[in-house]
Structures are given as structure tokens and as C-alpha cells.
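Here is a short tour for anyone meeting this structure for the first time. Have a look at it, then read on.

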Amino acid sequence: MIDKTNALNSLASAKSKELLDNLKSKKLSENDKALRAQTDKFEALFIKNLLDISLKLDNPLYPKQPGNEIYESMFKDQLAGELSGHFGYSELLFNFLKAKEKLS
């Protein structure tokens, strides 16, 4: 018998996250959406730096292949892009910039 609870829980979590993202994006104006996209990209850059430091994908069983660093960098870029917007740094920066905009 296969235990499906983890898969079902992560599916429910992904659907609720998608609904929350849709609600957030409906409330925002076009300028706010553009600002949110930029803050998410900044957060992705920050996460990529963290991944570069923390994920050392050296495997002693397999020798280094030509182009290995390129694929690792592409993997980390994609992972950082998927994780951005959910760590809280993007939200913090977005709220800070919106508050600065209201003051000026």
C-alpha cells in the first residue's frame, strides 16, 4: 500500500498558495504588479546567492563533466525563481517601497 498523504498535502498546499497569489494579484494595480515582479526578482537573486553558497553539488562518485557548472547554475536559477515570492523578503521590500512612495 502506498502512502499518499504527503502528496495530497503538498497538492492542497500548492492549490491554496495559488489561490492566495491570485487574490493578491487581483488587488494590485498595474504599477504594483510591476513592482511586485521586480521585488520577486530581487528575492530570487538573493535566494540564488544562498543556494550557491549552501548547495555544493560535488559528487565524488562521478567525475566532473564538461558544462557541469552551467547546468548547476541553470538548476539553481530555476529553483531560486520558483522559491522567490514565498520567503518574505519580497513582501518586506514591496511594503517598504510602497510606504516610501506614499511619503513622497
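## Leu83 and a nonpolar patch

Keep in mind that this is a predicted model. Let's start with Leu83, which sits in helix H3. Is Leu83 buried or partly exposed? With a relative accessible area of 32%, Leu83 is partly exposed.

Leu83 also has company on the surface: together with Phe46, Leu50, Phe87 and Tyr89, Leu83 makes up a nonpolar patch. Added together, the accessible area of these five side-by-side names comes to about 450 Å².

## Ser84, in the loop

Now on to Ser84, which lies in the loop that runs between helix H3 (68-83) and helix H4 (89-103). Ser84 has a relative accessible area of 12%, so it counts as buried, the cut-off being under 20%.

What does Ser84 touch? Setting aside neighbours within four places in sequence, Ser84 is in contact with Asp40, Glu43, Ala44 and Ile47. There is also a polar atom of the Ser84 side chain that lies 3.0 Å from the backbone oxygen of Gly81.

## Salt bridges between helices

Time for some charges. Side chains of opposite charge can pair when their charged atoms come close. How many salt bridges does the structure hold? The count is 7.

Take Lys98 and Asp32: they form a salt bridge, and their closest N and O atoms are 2.6 Å apart. This pair links distant parts of the chain, with Lys98 in helix H4 and Asp32 in helix H2 (residues 30-54), 66 residues apart. Both Lys98 and Asp32 are buried.

Arg36 and Glu91 form a salt bridge too, with 2.9 Å between the closest N and O atoms. Here again distant parts of the chain are linked: Arg36 belongs to helix H2 and Glu91 to helix H4, 55 residues apart. Arg36 is buried at a relative accessible area of 16%, whereas Glu91, at 29%, is partly exposed.

## Inside helix H4, and a network

Lys98 turns up again in a salt bridge with Glu101 (2.9 Å, N to O). Where do these two sit relative to each other? Glu101 and Lys98 are 3 residues apart in helix H4, so about one helical turn separates them. Glu101 counts as partly exposed at 48% relative accessibility, while Lys98 counts as buried at 18%.

Finally, there is a network: Lys48, Asp52, Lys76 and Asp77 are joined into one by salt bridges that share partners.

Terms used. Residues are numbered from 1 along each chain as its sequence is written. This is a predicted model: local features need pLDDT of at least 70, side-chain atom pairs count only at pLDDT 80 or more; totals for chains, interfaces and linings use all residues. Side-chain values use heavy atoms; hydrogens and water are left out. Helices (H or I, at least four residues) and strands (E, at least two) are DSSP runs, numbered from the N terminus. Buried means under 20% relative accessible area, exposed over 50%, partly exposed in between (1.4 Å probe, protein chains only). A polar contact is a pair of N or O atoms within 3.5 Å; within protein, one must be able to donate a hydrogen and the other to accept it, and residues adjacent in sequence count only if both atoms are side-chain atoms. Contact means heavy atoms within 4.5 Å. Patches are made of residues with over 30% relative accessible area and no salt bridge: like charges are joined within 9 Å, nonpolar side chains (Val, Leu, Ile, Met, Phe, Trp, Tyr) within 5 Å. Accessible areas come from the Shrake-Rupley method with a 1.4 Å probe; for residues, only the protein chains shown count as cover. A salt bridge is a side-chain nitrogen of Lys or Arg within 4 Å of a carboxyl oxygen of Asp or Glu.
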